[in-house]
Amino acid sequence: EPPSFPRIDMYSNTIASRGNHQPAWRYTDATGADTRAGTTGIYTNPFGPLVSGANNLGAVPGFPFFAVPFRCTPPNVQPRQCTKFDVFPGAPSVTDGNTIVFKGNFTTVDGSKTGVYFRTLSNKAIPNPTGGLLQPAGGAMPAMLIADSDTLIPGTSTHFGSTAPPSAVQRSAVFSGFDNEDAPTLGGVYLVHLTQARPTLIPLVTIGSQVPEESCSFNKIGEGLSFDGRFVAFWGAWGTDTKTLTLQCPNDGNAQRLDFCRTTYPNGFTTTVPVHQGIFVYDTEKQKLITVAKTPDDFDDFVYWNFSGLVPGTGESDETGEPARWRSAEFVAVSGLVNSNLDDPKFSAAFKARKGQISGEAYVDPVDGIYIYNNQNQNKPRTFVTAIYTGMPGTLIDPQAVYVDTETPGAPPVVLPVTEMGLERDGFRGNSLVINASMGTEEAGWAGIYLTTVSK
(Lines give C-alpha, C1' and ligand atoms only; values in the text may rest on other atoms or scores of the structure.)
Protein backbone atom coordinates (compact mmCIF):
# COMPACT_ATOMS: atom_id res chain seq x y z
CA GLU A 1 0.00 0.00 0.00
CA PRO A 2 1.06 3.63 -0.43
CA PRO A 3 0.72 4.85 3.20
CA SER A 4 1.21 8.57 2.54
CA PHE A 5 0.34 11.05 -0.19
CA PRO A 6 2.76 11.38 -3.13
CA ARG A 7 4.60 14.63 -3.80
CA ILE A 8 5.68 16.13 -7.11
CA ASP A 9 8.70 18.19 -8.08
CA MET A 10 7.77 21.85 -8.55
CA TYR A 11 9.58 22.11 -11.90
CA SER A 12 9.44 18.58 -13.35
CA ASN A 13 7.12 15.58 -13.64
CA THR A 14 9.03 13.52 -11.06
CA ILE A 15 6.90 12.12 -8.25
CA ALA A 16 8.02 10.42 -5.04
CA SER A 17 5.90 8.28 -2.74
CA ARG A 18 6.28 5.83 0.10
CA GLY A 19 5.28 2.22 -0.43
CA ASN A 20 4.81 -0.78 1.87
CA HIS A 21 5.01 -4.28 0.40
CA GLN A 22 5.99 -7.89 0.91
CA PRO A 23 9.77 -8.57 1.22
CA ALA A 24 11.49 -7.57 -2.02
CA TRP A 25 14.83 -9.37 -1.62
CA ARG A 26 15.91 -12.89 -0.67
CA TYR A 27 19.45 -13.69 0.38
CA THR A 28 21.61 -15.83 2.70
CA ASP A 29 22.74 -13.91 5.77
CA ALA A 30 26.06 -14.22 7.65
CA THR A 31 24.75 -17.18 9.67
CA GLY A 32 23.74 -19.07 6.54
CA ALA A 33 20.03 -18.55 7.10
CA ASP A 34 17.64 -17.92 4.23
CA THR A 35 16.49 -14.32 4.80
CA ARG A 36 13.97 -11.97 3.25
CA ALA A 37 14.17 -8.17 3.52
CA GLY A 38 12.92 -4.96 1.99
CA THR A 39 9.35 -4.19 3.11
CA THR A 40 9.14 -0.41 2.71
CA GLY A 41 10.74 2.31 0.67
CA ILE A 42 10.48 5.52 -1.33
CA TYR A 43 9.71 5.08 -5.01
CA THR A 44 10.15 7.64 -7.76
CA ASN A 45 10.19 8.08 -11.56
CA PRO A 46 12.95 10.54 -12.54
CA PHE A 47 13.85 8.60 -15.69
CA GLY A 48 10.44 7.19 -16.59
CA PRO A 49 10.16 3.74 -15.00
CA LEU A 50 9.57 3.49 -11.25
CA VAL A 51 12.80 2.95 -9.26
CA SER A 52 13.74 2.58 -5.60
CA GLY A 53 14.92 5.92 -4.29
CA ALA A 54 15.38 4.58 -0.76
CA ASN A 55 14.37 1.44 1.10
CA ASN A 56 15.15 -0.64 4.16
CA LEU A 57 17.61 -2.96 2.36
CA GLY A 58 20.62 -1.06 3.74
CA ALA A 59 21.81 -3.92 5.97
CA VAL A 60 21.75 -6.44 3.10
CA PRO A 61 25.22 -7.24 1.70
CA GLY A 62 25.77 -5.43 -1.58
CA PHE A 63 23.40 -2.53 -0.92
CA PRO A 64 25.40 -0.08 1.25
CA PHE A 65 24.06 2.88 -0.75
CA PHE A 66 20.64 2.19 0.79
CA ALA A 67 22.10 2.33 4.32
CA VAL A 68 21.82 5.15 6.85
CA PRO A 69 24.65 7.61 6.02
CA PHE A 70 27.79 7.31 8.17
CA ARG A 71 26.45 4.10 9.73
CA CYS A 72 28.57 1.50 7.85
CA THR A 73 31.84 -0.09 8.88
CA PRO A 74 34.81 0.80 6.59
CA PRO A 75 34.85 -0.93 3.17
CA ASN A 76 38.09 -2.74 4.01
CA VAL A 77 36.49 -4.40 7.06
CA GLN A 78 34.80 -7.59 5.95
CA PRO A 79 32.08 -8.61 6.24
CA ARG A 80 30.96 -4.99 5.99
CA GLN A 81 28.02 -4.13 8.21
CA CYS A 82 25.59 -1.25 7.73
CA THR A 83 22.59 0.13 9.59
CA LYS A 84 19.34 0.07 7.66
CA PHE A 85 16.49 2.52 7.79
CA ASP A 86 13.52 1.07 9.65
CA VAL A 87 10.85 3.30 8.13
CA PHE A 88 10.40 6.58 6.28
CA PRO A 89 7.72 8.52 8.18
CA GLY A 90 5.57 11.05 6.39
CA ALA A 91 5.69 11.98 2.72
CA PRO A 92 9.01 12.31 0.88
CA SER A 93 9.78 15.44 -1.13
CA VAL A 94 11.42 15.60 -4.56
CA THR A 95 13.42 18.33 -6.30
CA ASP A 96 15.65 19.05 -9.27
CA GLY A 97 14.08 16.20 -11.24
CA ASN A 98 16.13 13.43 -9.65
CA THR A 99 16.69 14.16 -5.94
CA ILE A 100 14.50 12.82 -3.14
CA VAL A 101 14.50 14.45 0.29
CA PHE A 102 13.06 12.48 3.18
CA LYS A 103 12.85 11.65 6.86
CA GLY A 104 14.18 8.28 8.04
CA ASN A 105 14.07 6.43 11.35
CA PHE A 106 16.65 3.81 12.35
CA THR A 107 17.85 1.87 15.39
CA THR A 108 21.32 1.64 16.94
CA VAL A 109 22.70 0.20 20.17
CA ASP A 110 21.82 3.57 21.72
CA GLY A 111 18.15 3.22 20.79
CA SER A 112 15.84 4.73 18.18
CA LYS A 113 17.11 7.65 16.13
CA THR A 114 15.77 9.86 13.37
CA GLY A 115 17.03 12.24 10.71
CA VAL A 116 16.47 13.99 7.38
CA TYR A 117 18.37 13.04 4.23
CA PHE A 118 18.61 13.52 0.48
CA ARG A 119 19.67 11.18 -2.31
CA THR A 120 20.44 12.12 -5.91
CA LEU A 121 19.57 9.39 -8.41
CA SER A 122 21.19 8.60 -11.75
CA ASN A 123 19.88 6.64 -14.72
CA LYS A 124 22.23 3.72 -14.09
CA ALA A 125 21.86 0.07 -13.20
CA ILE A 126 22.98 -1.14 -9.77
CA PRO A 127 25.14 -4.23 -9.20
CA ASN A 128 23.32 -7.39 -8.23
CA PRO A 129 25.15 -8.86 -5.19
CA THR A 130 24.78 -12.31 -6.74
CA GLY A 131 26.05 -11.20 -10.15
CA GLY A 132 24.86 -9.10 -13.08
CA LEU A 133 22.99 -5.83 -13.00
CA LEU A 134 19.61 -4.71 -11.71
CA GLN A 135 17.71 -2.26 -13.86
CA PRO A 136 15.87 0.02 -14.24
CA ALA A 137 17.48 1.60 -11.20
CA GLY A 138 18.61 4.91 -9.76
CA GLY A 139 22.33 4.27 -9.55
CA ALA A 140 24.50 3.59 -6.50
CA MET A 141 24.96 7.11 -5.13
CA PRO A 142 24.46 6.89 -1.34
CA ALA A 143 22.03 9.00 0.65
CA MET A 144 23.41 12.19 2.17
CA LEU A 145 22.85 13.29 5.76
CA ILE A 146 21.19 16.66 6.39
CA ALA A 147 20.71 16.32 10.16
CA ASP A 148 19.95 13.51 12.60
CA SER A 149 19.72 12.71 16.29
CA ASP A 150 23.50 13.16 16.62
CA THR A 151 23.47 16.64 15.03
CA LEU A 152 23.70 19.66 17.30
CA ILE A 153 20.90 22.20 17.05
CA PRO A 154 22.63 25.30 15.61
CA GLY A 155 23.94 27.64 18.29
CA THR A 156 23.48 25.09 21.08
CA SER A 157 25.17 22.08 22.65
CA THR A 158 21.94 20.03 22.38
CA HIS A 159 21.20 17.38 19.77
CA PHE A 160 18.02 17.23 17.74
CA GLY A 161 15.48 15.04 19.52
CA SER A 162 13.01 15.09 16.64
CA THR A 163 12.94 16.01 12.97
CA ALA A 164 10.03 16.31 10.55
CA PRO A 165 9.62 15.38 6.87
CA PRO A 166 11.25 18.12 4.74
CA SER A 167 9.99 20.15 1.77
CA ALA A 168 12.32 20.83 -1.15
CA VAL A 169 12.45 23.07 -4.25
CA GLN A 170 15.38 23.68 -6.64
CA ARG A 171 17.97 21.85 -4.55
CA SER A 172 17.06 23.70 -1.37
CA ALA A 173 15.04 22.20 1.46
CA VAL A 174 13.41 23.29 4.70
CA PHE A 175 12.63 21.14 7.73
CA SER A 176 11.68 21.60 11.35
CA GLY A 177 13.63 20.01 14.18
CA PHE A 178 13.50 20.32 17.97
CA ASP A 179 15.13 19.09 21.14
CA ASN A 180 11.81 17.64 22.34
CA GLU A 181 8.87 17.07 20.01
CA ASP A 182 6.21 17.34 22.75
CA ALA A 183 7.68 20.22 24.77
CA PRO A 184 10.29 22.01 22.65
CA THR A 185 12.67 24.49 24.20
CA LEU A 186 15.17 24.62 21.31
CA GLY A 187 15.03 24.22 17.55
CA GLY A 188 12.83 25.56 14.79
CA VAL A 189 12.70 25.85 11.01
CA TYR A 190 15.92 25.43 9.04
CA LEU A 191 16.93 25.99 5.41
CA VAL A 192 19.63 23.89 3.71
CA HIS A 193 21.16 23.86 0.26
CA LEU A 194 21.51 20.31 -1.03
CA THR A 195 25.10 20.49 -2.26
CA GLN A 196 26.90 18.13 0.14
CA ALA A 197 26.47 15.92 3.15
CA ARG A 198 25.93 17.73 6.44
CA PRO A 199 25.09 21.06 4.78
CA THR A 200 25.02 24.24 6.83
CA LEU A 201 21.73 24.57 8.71
CA ILE A 202 20.40 28.12 8.28
CA PRO A 203 17.90 29.04 11.04
CA LEU A 204 14.81 30.85 9.72
CA VAL A 205 12.42 30.85 12.68
CA THR A 206 13.24 29.24 16.03
CA ILE A 207 11.77 28.70 19.46
CA GLY A 208 12.33 32.10 21.05
CA SER A 209 11.97 34.12 17.81
CA GLN A 210 9.83 37.23 18.02
CA VAL A 211 6.20 36.80 16.98
CA PRO A 212 5.16 39.51 14.50
CA GLU A 213 2.73 42.06 15.96
CA GLU A 214 3.20 40.55 19.45
CA SER A 215 5.48 41.38 22.39
CA CYS A 216 6.46 37.73 22.96
CA SER A 217 8.24 34.85 21.28
CA PHE A 218 7.32 31.51 19.74
CA ASN A 219 7.21 28.54 22.13
CA LYS A 220 5.77 26.08 19.58
CA ILE A 221 6.34 25.69 15.83
CA GLY A 222 4.59 23.19 13.58
CA GLU A 223 6.29 20.35 11.76
CA GLY A 224 4.45 20.69 8.43
CA LEU A 225 6.20 23.29 6.27
CA SER A 226 5.15 24.54 2.84
CA PHE A 227 8.00 25.80 0.65
CA ASP A 228 8.00 27.24 -2.87
CA GLY A 229 11.68 28.12 -3.18
CA ARG A 230 11.35 31.53 -1.50
CA PHE A 231 8.44 31.55 0.96
CA VAL A 232 8.05 29.14 3.90
CA ALA A 233 4.63 28.79 5.53
CA PHE A 234 4.17 27.28 9.00
CA TRP A 235 2.07 27.23 12.17
CA GLY A 236 3.33 28.72 15.42
CA ALA A 237 2.08 29.44 18.94
CA TRP A 238 3.05 31.68 21.86
CA GLY A 239 2.03 32.43 25.43
CA THR A 240 0.91 30.10 28.20
CA ASP A 241 -2.89 30.33 27.86
CA THR A 242 -4.48 27.06 26.70
CA LYS A 243 -7.88 25.56 25.88
CA THR A 244 -8.75 22.02 27.04
CA LEU A 245 -10.25 19.54 24.57
CA THR A 246 -11.38 15.94 25.08
CA LEU A 247 -11.08 14.06 21.80
CA GLN A 248 -13.25 11.06 20.99
CA CYS A 249 -12.04 8.13 18.89
CA PRO A 250 -13.17 8.29 15.25
CA ASN A 251 -16.00 6.17 13.89
CA ASP A 252 -14.43 5.41 10.52
CA GLY A 253 -11.10 3.98 9.45
CA ASN A 254 -8.89 0.95 10.04
CA ALA A 255 -10.79 -1.46 12.33
CA GLN A 256 -7.73 -2.52 14.34
CA ARG A 257 -6.71 1.10 14.91
CA LEU A 258 -10.25 2.06 15.95
CA ASP A 259 -10.39 -0.81 18.45
CA PHE A 260 -6.97 0.12 19.85
CA CYS A 261 -8.06 3.76 20.26
CA ARG A 262 -11.29 2.85 22.03
CA THR A 263 -9.51 0.40 24.33
CA THR A 264 -6.75 2.89 25.18
CA TYR A 265 -9.01 5.93 25.51
CA PRO A 266 -12.49 4.68 26.49
CA ASN A 267 -13.40 8.09 27.93
CA GLY A 268 -11.65 10.14 25.30
CA PHE A 269 -8.22 11.74 25.13
CA THR A 270 -7.81 15.05 26.97
CA THR A 271 -5.32 17.56 25.63
CA THR A 272 -4.76 21.29 25.39
CA VAL A 273 -4.26 23.69 22.51
CA PRO A 274 -2.73 27.17 22.67
CA VAL A 275 -5.09 30.12 22.87
CA HIS A 276 -2.58 32.20 20.91
CA GLN A 277 -1.56 30.58 17.63
CA GLY A 278 -1.26 31.54 14.01
CA ILE A 279 -0.23 30.89 10.43
CA PHE A 280 2.94 32.67 9.30
CA VAL A 281 5.09 33.01 6.17
CA TYR A 282 8.83 33.61 6.17
CA ASP A 283 10.35 35.39 3.15
CA THR A 284 13.84 33.93 2.74
CA GLU A 285 14.88 36.72 0.36
CA LYS A 286 13.81 39.64 2.56
CA GLN A 287 14.45 37.62 5.77
CA LYS A 288 11.08 38.83 6.98
CA LEU A 289 8.32 37.09 8.94
CA ILE A 290 4.70 37.90 8.01
CA THR A 291 1.50 37.10 9.89
CA VAL A 292 -1.13 35.41 7.70
CA ALA A 293 -3.82 34.76 10.34
CA LYS A 294 -3.99 34.33 14.11
CA THR A 295 -6.27 33.57 17.04
CA PRO A 296 -8.38 34.98 18.48
CA ASP A 297 -8.34 37.97 16.11
CA ASP A 298 -9.15 36.11 12.88
CA PHE A 299 -10.10 32.51 13.81
CA ASP A 300 -10.50 30.27 16.87
CA ASP A 301 -8.19 27.34 16.02
CA PHE A 302 -5.75 26.04 13.41
CA VAL A 303 -4.93 22.70 15.10
CA TYR A 304 -6.64 19.48 13.98
CA TRP A 305 -6.37 16.04 15.57
CA ASN A 306 -6.40 12.46 14.35
CA PHE A 307 -5.55 9.07 15.77
CA SER A 308 -3.02 7.38 13.49
CA GLY A 309 0.00 5.11 13.44
CA LEU A 310 1.08 1.52 13.85
CA VAL A 311 -1.07 -0.63 16.13
CA PRO A 312 1.16 -2.93 18.24
CA GLY A 313 1.40 -6.44 16.84
CA THR A 314 -0.21 -5.65 13.47
CA GLY A 315 2.83 -5.44 11.19
CA GLU A 316 4.18 -2.51 9.20
CA SER A 317 1.01 -1.33 7.47
CA ASP A 318 0.18 2.13 8.78
CA GLU A 319 0.03 5.80 7.77
CA THR A 320 3.07 7.13 9.58
CA GLY A 321 5.46 4.30 10.32
CA GLU A 322 5.35 5.30 14.00
CA PRO A 323 3.29 4.03 16.98
CA ALA A 324 -0.45 4.66 17.05
CA ARG A 325 -1.37 7.74 19.08
CA TRP A 326 -3.25 11.02 18.90
CA ARG A 327 -1.46 13.48 16.63
CA SER A 328 -2.10 17.10 15.83
CA ALA A 329 -1.62 18.74 12.46
CA GLU A 330 -1.99 22.12 10.82
CA PHE A 331 -2.74 22.67 7.14
CA VAL A 332 -1.13 25.44 5.12
CA ALA A 333 0.27 25.88 1.61
CA VAL A 334 2.02 28.93 0.14
CA SER A 335 2.67 30.19 -3.39
CA GLY A 336 4.65 33.24 -4.45
CA LEU A 337 3.95 32.42 -8.09
CA VAL A 338 0.25 33.33 -8.27
CA ASN A 339 1.41 36.30 -10.35
CA SER A 340 4.10 34.16 -12.09
CA ASN A 341 6.84 36.13 -10.34
CA LEU A 342 8.92 34.82 -7.43
CA ASP A 343 11.20 37.87 -7.44
CA ASP A 344 8.77 40.16 -5.60
CA PRO A 345 7.57 39.89 -1.96
CA LYS A 346 3.96 39.10 -2.94
CA PHE A 347 2.51 35.70 -2.07
CA SER A 348 -0.77 33.92 -1.37
CA ALA A 349 -1.30 31.36 1.38
CA ALA A 350 -4.11 28.85 1.78
CA PHE A 351 -4.82 27.35 5.19
CA LYS A 352 -7.43 25.42 7.15
CA ALA A 353 -9.01 27.14 10.16
CA ARG A 354 -11.89 26.75 12.58
CA LYS A 355 -14.49 29.15 13.97
CA GLY A 356 -16.43 27.98 17.02
CA GLN A 357 -16.81 27.98 20.77
CA ILE A 358 -15.82 25.27 23.26
CA SER A 359 -18.33 23.86 25.76
CA GLY A 360 -17.73 20.78 27.88
CA GLU A 361 -14.18 20.44 26.46
CA ALA A 362 -15.49 20.09 22.88
CA TYR A 363 -16.27 22.44 20.04
CA VAL A 364 -20.00 23.02 19.58
CA ASP A 365 -21.13 23.26 15.94
CA PRO A 366 -17.75 24.49 14.67
CA VAL A 367 -17.27 25.73 11.12
CA ASP A 368 -14.08 24.58 9.42
CA GLY A 369 -12.89 26.06 6.19
CA ILE A 370 -10.02 26.63 3.79
CA TYR A 371 -9.20 30.30 3.45
CA ILE A 372 -6.85 32.22 1.17
CA TYR A 373 -4.76 35.21 2.20
CA ASN A 374 -3.00 37.52 -0.25
CA ASN A 375 -0.42 39.98 1.03
CA GLN A 376 -0.49 42.42 -1.89
CA ASN A 377 -2.17 45.07 0.27
CA GLN A 378 0.12 44.81 3.28
CA ASN A 379 -0.90 48.19 4.72
CA LYS A 380 -4.57 47.21 5.04
CA PRO A 381 -6.27 44.95 7.62
CA ARG A 382 -6.01 41.23 6.82
CA THR A 383 -8.82 39.88 4.65
CA PHE A 384 -9.50 36.31 3.54
CA VAL A 385 -11.20 34.64 0.63
CA THR A 386 -13.26 31.59 1.65
CA ALA A 387 -12.59 28.66 -0.66
CA ILE A 388 -14.80 26.11 1.12
CA TYR A 389 -16.43 25.67 4.54
CA THR A 390 -18.44 23.03 6.37
CA GLY A 391 -22.16 23.29 5.77
CA MET A 392 -21.94 25.01 2.39
CA PRO A 393 -23.84 23.30 -0.47
CA GLY A 394 -21.60 20.62 -1.96
CA THR A 395 -22.85 21.47 -5.45
CA LEU A 396 -20.85 24.70 -5.28
CA ILE A 397 -17.80 22.44 -5.39
CA ASP A 398 -19.12 19.43 -7.32
CA PRO A 399 -22.45 19.28 -9.24
CA GLN A 400 -22.65 15.54 -8.48
CA ALA A 401 -22.92 16.13 -4.71
CA VAL A 402 -26.65 15.36 -4.79
CA TYR A 403 -28.68 12.53 -3.24
CA VAL A 404 -31.86 11.22 -4.85
CA ASP A 405 -34.05 8.86 -2.83
CA THR A 406 -34.94 6.33 -5.51
CA GLU A 407 -37.22 4.43 -3.15
CA THR A 408 -39.56 7.38 -2.70
CA PRO A 409 -41.34 8.32 -5.94
CA GLY A 410 -41.17 12.02 -6.66
CA ALA A 411 -38.69 12.75 -3.89
CA PRO A 412 -36.74 15.91 -4.72
CA PRO A 413 -32.94 15.76 -4.98
CA VAL A 414 -31.09 16.70 -1.79
CA VAL A 415 -27.93 18.77 -2.05
CA LEU A 416 -25.22 17.24 0.15
CA PRO A 417 -23.49 19.72 2.50
CA VAL A 418 -19.72 19.92 2.83
CA THR A 419 -18.59 17.99 5.91
CA GLU A 420 -14.79 17.92 5.71
CA MET A 421 -11.87 19.27 3.71
CA GLY A 422 -8.09 18.99 3.55
CA LEU A 423 -5.04 20.69 2.09
CA GLU A 424 -1.50 19.39 1.55
CA ARG A 425 1.68 21.46 1.82
CA ASP A 426 2.41 21.10 -1.92
CA GLY A 427 -1.23 21.71 -2.85
CA PHE A 428 -0.66 25.33 -3.94
CA ARG A 429 1.63 25.71 -6.94
CA GLY A 430 1.61 28.75 -9.22
CA ASN A 431 -2.00 29.89 -9.24
CA SER A 432 -3.40 26.35 -8.91
CA LEU A 433 -4.86 25.27 -5.56
CA VAL A 434 -5.87 21.65 -4.97
CA ILE A 435 -7.93 20.44 -2.00
CA ASN A 436 -9.89 17.35 -1.01
CA ALA A 437 -13.47 17.65 0.18
CA SER A 438 -16.24 15.41 1.51
CA MET A 439 -19.99 16.05 1.39
CA GLY A 440 -22.77 13.99 2.90
CA THR A 441 -25.74 13.25 5.11
CA GLU A 442 -26.78 10.12 6.99
CA GLU A 443 -28.25 8.76 3.73
CA ALA A 444 -25.44 9.41 1.27
CA GLY A 445 -21.89 10.64 0.87
CA TRP A 446 -19.67 12.08 -1.84
CA ALA A 447 -15.99 13.06 -1.94
CA GLY A 448 -13.28 14.08 -4.35
CA ILE A 449 -10.15 16.04 -5.13
CA TYR A 450 -10.74 19.48 -6.59
CA LEU A 451 -8.66 22.15 -8.31
CA THR A 452 -9.28 25.87 -8.63
CA THR A 453 -7.38 28.85 -10.00
CA VAL A 454 -6.48 31.60 -7.53
CA SER A 455 -6.55 35.13 -8.94
CA LYS A 456 -3.65 37.56 -8.51
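**Exercise 1. Find where Pro 136 sits, and say which peptide bond leads to this residue in a cis form.**

Step 1: Pro 136 is placed in the loop between β12 (133–134) and β13. Here strands (E, at least two residues) are DSSP runs, numbered from the N terminus.

Step 2: Now look at the bond itself: going from Gln 135 to Pro 136, the peptide bond is cis, and omega is near 0°.

A word on the model: it is predicted, so local features need pLDDT of at least 70 and side-chain atom pairs count only at pLDDT 80 or more, while totals for chains, interfaces and linings use all residues. Residues are numbered from 1 along each chain as its sequence is written, and side-chain values use heavy atoms, with hydrogens and water left out.

**Exercise 2. Locate the cis peptide bond at Pro 296 and give its omega.**

Step 1: The loop to search runs between β23 (288–294) and β24 (304–308), and Pro 296 lies in that loop.

Step 2: Thr 295 and Pro 296 are joined by the cis bond, with omega about -5°.

**Exercise 3. Decide whether Gln 287 is buried or exposed, and find the sign of its phi.**

Step 1: Gln 287 belongs to the loop between β22 (269–283) and β23.

Step 2: Its phi is near 55°, which is positive although Gln 287 is a residue other than glycine.

Step 3: Use the cut-offs: buried is under 20% relative accessible area, exposed is over 50%, and partly exposed is in between (1.4 Å probe, protein chains only). With 62%, Gln 287 is exposed.

**Exercise 4. Treat Asp 365 in the same way.**

Step 1: You will find Asp 365 in strand β28 (residues 362–374).

Step 2: Phi is positive, about 50°, and Asp 365 is not a glycine.

Step 3: A relative accessibility of 70% makes Asp 365 exposed.

**Exercise 5. Describe the salt bridge between Arg 171 and Asp 96.**

Step 1: Start with the rule: a salt bridge is a side-chain nitrogen of Lys or Arg within 4 Å of a carboxyl oxygen of Asp or Glu.

Step 2: The closest N and O atoms of Arg 171 and Asp 96 are 3.3 Å apart, and the two form a salt bridge.

Step 3: Arg 171 lies in the loop between β15 (167–169) and β16 (172–178), and Asp 96 in the loop between β8 (93–95) and β9 (99–108), so the pair ties together parts 75 residues apart in sequence.

Step 4: Arg 171, at 24%, is partly exposed, and Asp 96, at 43%, is partly exposed too.

Key
Helix = DSSP H or I, 4+ residues; strand = E, 2+ residues; numbered from the N terminus.
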